[in-house]
Amino acid sequence: MKLTDKTRLALIAAAIAVQLAVALSLLFYTTRVRSHALKAGSIISLACKAYDPFSPFKGRYVRLTFEQSDIPSGQLDDESKEHLADSQGKKVCCRMQEGKDGIWTVTGIRRTNPKDGKVYIEAKNRWYSDTNVSMEYAFNEYYMQENYARLVDRIQWNDFNALEPVLSLYVGKDGRCVQKDLTVLDAGERIAIEEYCRRRLNNRE
C-alpha cells in the first residue's frame, strides 16, 4: 500500500514524539534520582578499575569494573544467605555501608528493597557460592567528551588503575543509580577525571 505524503508526515511526527517522550522521561528520572539522593544523603562512592587490561576504553566511554563486583561471603550479614537462595541470574538489592575511607561496600543482599532507611543499590546476581558472590551493576560505562576520551584511551591500564579511580553515584529510593562523577588521584589530590584530562591537555600546549 502506497503511503500518502500526509500519512508519511504523520508517521514521522509520531516517531519524533515517541523519541522526545523517551528523552524527557530519562531526563526527569535522572532529576528525581539526584533530588532524592541529595535529600536522603544517599550519594555513595565505589572503588573501581579499568574493565579490560588490553582495551580499557572504547569510543567515548570508560568501561569500569568494581571491587564490590566480587564479594566475599564473610562480608555479608546472616540474612543474606536466605535472600541469595534461588536468586542467581536475577535482580537483587545490595545493602551498602560507608567505610572510614569514604568508600562504600556491600554488607547484605536482599531480594527486594526493604526501604528500612538504609542505602540499597540494584544489581544482578551473576552467581554465588559458599565463599563468594558475584554482582553485575548497570553503571559500568562512564561517558566523556571525545577529546578527553582520546586522551584517556592512550593511558596504559595499569597507569590508570594507579590513579585509584572512584565512581560516585546518586542512589534513588528504588535502588537505581545515576552517575555523579568519576574521580582520580593526581599528586595526592582527588579530582574529576575531566579535570585530570584538562590539566594534561593544557600541559601539552
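## Exercises on a predicted protein model

Glu164 sits in the loop between α4 (157-161) and β10 (166-171). Helices (H or I, at least four residues) and strands (E, at least two) are DSSP runs, numbered from the N terminus. The model is predicted, so local features need pLDDT of at least 70 and side-chain atom pairs count only at pLDDT 80 or more, while totals for chains, interfaces and linings use all residues. Residue numbers start from 1 along each chain as its sequence is written, and side-chain values use heavy atoms, with hydrogens and water left out.

### Exercise 1: Two loop residues

Find Glu164 and say whether it is buried, partly exposed or exposed.

*Solution.* Step 1: look at the backbone, where phi of Glu164 is near 50 degrees, a positive value in a residue other than glycine. Step 2: apply the cut-offs, where buried means under 20% relative accessible area, exposed over 50%, and partly exposed in between (1.4 Å probe, protein chains only). Glu164 has 47% relative accessibility, so it counts as partly exposed.

Now do the same for Ala187: which class does it fall into?

*Solution.* Step 1: locate Ala187 in the loop between β11 and β12 (189-192). Step 2: check phi, which is near 55 degrees for Ala187, a positive value in a residue other than glycine. Step 3: Ala187 has a relative accessibility of 83%, so it is exposed.

### Exercise 2: Two strand residues

What surrounds Ile191?

*Solution.* Step 1: find Ile191 in strand β12. Step 2: its relative accessible area is 8%, so Ile191 is buried. Step 3: list its contacts (heavy atoms within 4.5 Å). Apart from neighbours within four places in sequence, Ile191 touches Leu182, Thr183, Val184, Asp186, Tyr196 and Arg199. Step 4: compare sequence with space, since Ile191 and Val166 are 25 residues apart in sequence and 10.0 Å apart from C-alpha to C-alpha.

Which residues touch Glu136?

*Solution.* Step 1: Glu136 belongs to strand β8 (residues 132-136). Step 2: with a relative accessible area of 41%, Glu136 is partly exposed. Step 3: setting aside neighbours within four places in sequence, Glu136 is in contact with Ala123, Lys124 and Arg126. Step 4: Glu136 and Lys91 are separated by 45 residues in sequence and by 9.3 Å in space, C-alpha to C-alpha.

### Exercise 3: The aromatic rings

How many aromatic pairs are there?

*Solution.* Step 1: learn the rule. Rings of Phe, Tyr and Trp (its six-membered ring) pair if their centres lie within 6.5 Å; planes under 30 degrees apart count as stacked, over 60 as edge-to-face and the rest as tilted. Step 2: by this rule the count is four.

Step 3: take Phe66 and Tyr137, an edge-to-face pair with 6.0 Å between centres and 90 degrees between planes. Phe66 is in strand β3 (residues 61-66) and Tyr137 in the loop between β8 and β9 (141-143), so this pair ties together parts that are 71 residues apart in sequence. Both Phe66 and Tyr137 are buried.

Step 4: take Phe66 and Phe139, also an edge-to-face pair, with 5.3 Å from centre to centre and 75 degrees between planes. Here strand β3 is linked to the loop between β8 and β9, across 73 residues. Phe139 has a relative accessible area of 6%, so it is buried. Step 5: put the rings together, and Phe66, Tyr137 and Phe139 form one aromatic cluster.

### Exercise 4: The largest pocket

Which residues lie nearest the centre of the largest pocket?

*Solution.* Step 1: know the term. On a 1 Å grid over the protein atoms alone, a pocket is an open set of points where a 1.4 Å probe fits, with protein on both sides within 12 Å along at least five of seven lines; lining residues have an atom within 4 Å of a point. Step 2: the lining has 14 residues, and Glu122, Tyr137, Ala138, Phe139 and Cys177 lie nearest the centre. Step 3: the elements giving two or more residues to this lining are β7 (119-128) and β11 (177-186). Step 4: the space amounts to about 310 Å³, where a volume is the space filled by probe spheres set on the points, which are joined across faces, edges and corners.

### Exercise 5: The whole chain

How many helices and strands does the protein chain have?

*Solution.* Step 1: count five helices and 12 strands. Step 2: of its 205 residues, 37% are buried. Step 3: among contacts between residues at least 6 apart in sequence, 65% join residues at least 24 apart.
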